[in-house]
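Here is a friendly walk through how the pieces of this fold sit against one another. Have the structure open beside you as you read.

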Amino acid sequence: MAAVVTLKNISKFYHTENGETEALRNVDFTVDEKEFVSIIGPSGCGKSTVLSIIAGLEEKSGGTINIKSKGENSRIGYMLQQDHLFPWLTVRQNAFLGLDIRKERNFESENRVDMLLDRYGLNEFKNKYPCELSGGMRQRAALIRTLAINPSVLLLDEPFSALDYQTRLSVSDDIHSIIKEENKTAILVTHDISEAISMSDRIIVLSKRPAIVKNIYNIKLSGETSPIMRRKAPEFSSYFQALWEELNSLE
């Protein structure tokens with residue numbers, strides 16, 4: 001399967017009054033079409049910086065990034081820790097936000113948003129305001145807003161970290177299901193090893209700063225495909241132990 005995202009020798013330096021800090025050093029990896037990849041590593045190693053560089057929100061200091069798409073434009077969808085839904089807009093109005101900014105709202109795109117709201121259980125809440133939704137519903141609404149612009153790649157930066165544990169499990173199941181049903185390529189940054197194993201096709205382990213790609217794990221779990229059920233797979237504990245030991249060795 002062809003690579004949709006290719007990072008080659010990505011470096012990042014921050015310049016401060018105290019001198020130069022190297023955050024990333026020759027970071028190389030690819031993400032294939034429809035693949036779900038997670039990035040884990042020690043706290044502060046630069047996981048979110050990698051996403052910001054892919055999204056074009058931060059400039060890289062060196063290296064190359066290539067993002068391919070079947071369409072004319074390669075679009076990046078970005079979900080952050082907070083859903084950032086505007087409280088004065090309804091769920092449906094929030095879902096149109098990206099389209100409005102791009103001036104791409106039309107009959108066809110409105111129908112697509114309404115279809116997504118209906119397909120993923122928010123149709124009866126589309127005229128509600130964010131304060132009237134549960135945390136899980138808000139994250140689904142945020143994902144639908146992201147999907148509305150039809151991105152070729154989804155970047156997920158700790159999107160479940162603000163949720164309580166039980167809601168987090170349920171929402172990660174929902175989000176994973178939606179991404180797979182919509183045939184999207186996704187890159188998740190998380191500090192949760194279990195979350196990474198349960199959701200991913202591959203896991204990229206970054207070292208402490210300056211971050212390099214320390215290891216890449218191909219995740220093969222037998223049985224069900226949903227994240228919650230994947231946690232019950234017999235191979236799950238072996239992956240967890242290996243990743244736990246690797247991360248501890250990087251501290």
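A good place to start in this predicted model is Phe13, which stands opposite Glu22 in strand E2. That pair belongs to a wider picture: strand E1 (residues 3–16) and E2 run antiparallel and are joined by ten bridges.

Which order do the strands of the sheet take? Three strands make up an open sheet, ordered E2-E1-E4, with antiparallel pairing. Strand E2 (19–32) and strand E4 (62–67) each have a single partner strand and stand at the edges, so one side of each is left without a neighbour in the sheet. On average, neighbouring strands here are turned by 20 degrees against each other, direction ignored. Helix H1 (residues 47–55) packs on this sheet, where it touches E1, E2 and E4, and its direction makes about 115 degrees with that of E1.

Now to a helix pair. Helix H5 (residues 135–147) packs with helix H6 (residues 165–181) at an angle of about 20 degrees, and their axes are 10 Å apart. Because angles under 35 degrees count as roughly parallel, H5 is roughly parallel to H6. Their crossing is right-handed. The residues that make the contact are listed below.

| Helix | Residues in the contact |
|---|---|
| H5 | Gly136, Gln139, Arg140, Leu143 and Leu147 |
| H6 | Thr167, Val171, Asp174, Ile175 and Ile178 |

What classes of residue does the contact of H5 with H6 have? Five are nonpolar, three are polar and two are charged.

How values were computed
Residues are numbered from 1 along each chain as its sequence is written. This is a predicted model: local features need pLDDT of at least 70, side-chain atom pairs count only at pLDDT 80 or more; totals for chains, interfaces and linings use all residues. Side-chain values use heavy atoms; hydrogens and water are left out. Axes are lines fitted to C-alpha atoms, for helices over the stretch in contact, and angles run from 0 to 180 degrees between N-to-C directions. Helices (H or I, at least four residues) and strands (E, at least two) are DSSP runs, numbered from the N terminus. Angles under 35 degrees count as roughly parallel, over 145 as roughly antiparallel, 65 to 115 as roughly perpendicular and the rest as oblique. A crossing is left-handed if the near helix is turned anticlockwise from the far one by less than a right angle, and right-handed if clockwise. Contact means heavy atoms within 4.5 Å. Ala, Val, Leu, Ile, Met, Phe, Trp, Tyr, Cys and Pro count as nonpolar, Asp, Glu, Lys and Arg as charged, and the others, Gly among them, as polar. Two strands pair if DSSP finds at least two bridges between them.
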